[in-house]
Structure formats: C-alpha cells, structure tokens
Amino acid sequence: MTGSGANNAVEWLTSVAPDPGACRWEWERNPLGVALLPAGRLWDVLILPGALGYPTLDVLTRLVDRPGPVLADFGDSRMGFFVPPGTVARWLGTGVRGAGSGTWIVVPYPGRASGGLRWLIPPDGSGALSDASLLELAMHEAAANLAAGNGDGDGGGRSGAV
C-alpha cells in the first residue's frame, strides 16, 4: 500500500484515537511501527486462532471480492478480522476472542513491516469491514473442512492475500 491509500488508511485508523493528530504523529515516528488503538468505536476485532483463521480467510475471499481488514501475528498463531462495532458484545461462538468497546489493540502502520504484526488485508481507508454474518459462515465452512480433514477445503494452501 502506497501513497494516498496508506494515508487514507492511517486517517481512518487514527480517527478512533482520543487525539488522532497526536496518535498519527507518534505512529509515524514509532520505530516499532505500531499504535495502540481503541476498539469498539468504528470497528471491533474478532480474533481467531491461526489454524482456523487462514482457512476462514480462504473461504471469506471466495464469498466477497474484498473482506475488511485482517491482521496476523508473525507466528501465525492469531488473526484479527475487523468487523462492525458491537459485534463482540453479541458474539456467542466459542474459541474466538474479541476486542470491542473498552479494549485496545496493537495495530501496525499500513504499508510498513512491524515487529510482530502484519496486515494480510490492509484497510483501504473507506471504512469497509468484514460482514460478521459472512465471517461466521466462512468460519463454519472452514471448521467443517478442517474436521473432515480437507485442510482449507480447496487444496490451495493458505490465502493468497498474505
């Protein structure tokens, strides 16, 4: 992500900070390339174990042209799907953690490598998020494929979004 796309993504992400200007200034100068941002305002984050997250992303990218932003840690142990605010408060699924109102998440600067996180699908600045219902359906299909021993279900390995 370069140019205005990265700038739009940064503006959108920092808009949730208590002081967006100070957050952006610090984030652009932070040698770690990460910021701590509050969830629950413009987005919640559903956090899946990587073993389920990658197959879920594979299914989700077959359902929609472009899902909302998705984060992963470099150990591939967790993935965070950005969903509409309020999703975490209503989420009933097991094995999925959530960051919603009253929580904060570490977010890498769009378009830059960071210490422990990377964007699999970076934000585009438009505010587009993954639909929670479609994400849930994708999780069910991915889990069924895993239980049946089909891996990600299409034999193609991990998502090409990485």
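In the predicted model, helix H5 (residues 132–147) is the element that gives the most to the lining of the second largest pocket, with four residues. The lining as a whole is made up of Pro49, Leu52, Trp91, Gly93, Thr94, Gly95, Val96, Glu136, Met139, His140 and Ala143. By class, six of these residues are nonpolar, four are polar and one is charged. The space in this pocket comes to about 160 Å³.

The largest pocket holds about 200 Å³ of space. Its lining consists of Val45, Ile47, Leu71, Ala72, Asp73, Arg78, Met79, Gly80, Arg97, Ile105, Val106 and Leu117. Two or more lining residues come from each of E2, E3, E4 and strand E6 (104–108). Eight residues of the lining are nonpolar, one is polar and three are charged.

The secondary structure of the chain comprises five helices and seven strands. Along the sequence these elements follow the pattern α-α-β-β-α-β-β-α-β-β-β-α. Five of the strands form an open sheet with antiparallel pairing, in the order E5-E2-E4-E3-E7. The edges of the sheet are occupied by strand E5 (97–99) and strand E7 (117–121); each has a single partner strand, so one side of each is left without a neighbour in the sheet. On average, and with direction ignored, neighbouring strands of the sheet are turned by 25° against each other.

Within the sheet, strand E3 (residues 70–73) and strand E4 (residues 78–83) run antiparallel and are joined by three bridges. In this pair, Val70 stands opposite Phe81 of E4. Both strands also take part in the largest pocket, as E3 and E4 are among the elements that give two or more residues to its lining; Leu71, Ala72 and Asp73 are included in that lining, as are Arg78, Met79 and Gly80.

Helix H3 (residues 50–63) lies across strand E2 (44–49), E3, E4 and E7. The helix runs at about 45° to E4.

For the chain as a whole, 44% of the 162 residues count as buried. Of the contacts with a separation of 6 or more, 79% are between residues 24 or more positions apart.

Methods
Residues are numbered from 1 along each chain as its sequence is written. This is a predicted model: local features need pLDDT of at least 70, side-chain atom pairs count only at pLDDT 80 or more; totals for chains, interfaces and linings use all residues. Side-chain values use heavy atoms; hydrogens and water are left out. Two strands pair if DSSP finds at least two bridges between them. Axes are lines fitted to C-alpha atoms, for helices over the stretch in contact, and angles run from 0 to 180 degrees between N-to-C directions. Contact means heavy atoms within 4.5 Å. On a 1 Å grid over the protein atoms alone, a cavity is a set of points where a 1.4 Å probe fits but cannot get out, and a pocket is an open set with protein on both sides within 12 Å along at least five of seven lines; lining residues have an atom within 4 Å of a point. Grid points are joined across faces, edges and corners, and a volume is the space filled by probe spheres set on the points. Ala, Val, Leu, Ile, Met, Phe, Trp, Tyr, Cys and Pro count as nonpolar, Asp, Glu, Lys and Arg as charged, and the others, Gly among them, as polar. Buried means under 20% relative accessible area, exposed over 50%, partly exposed in between (1.4 Å probe, protein chains only).
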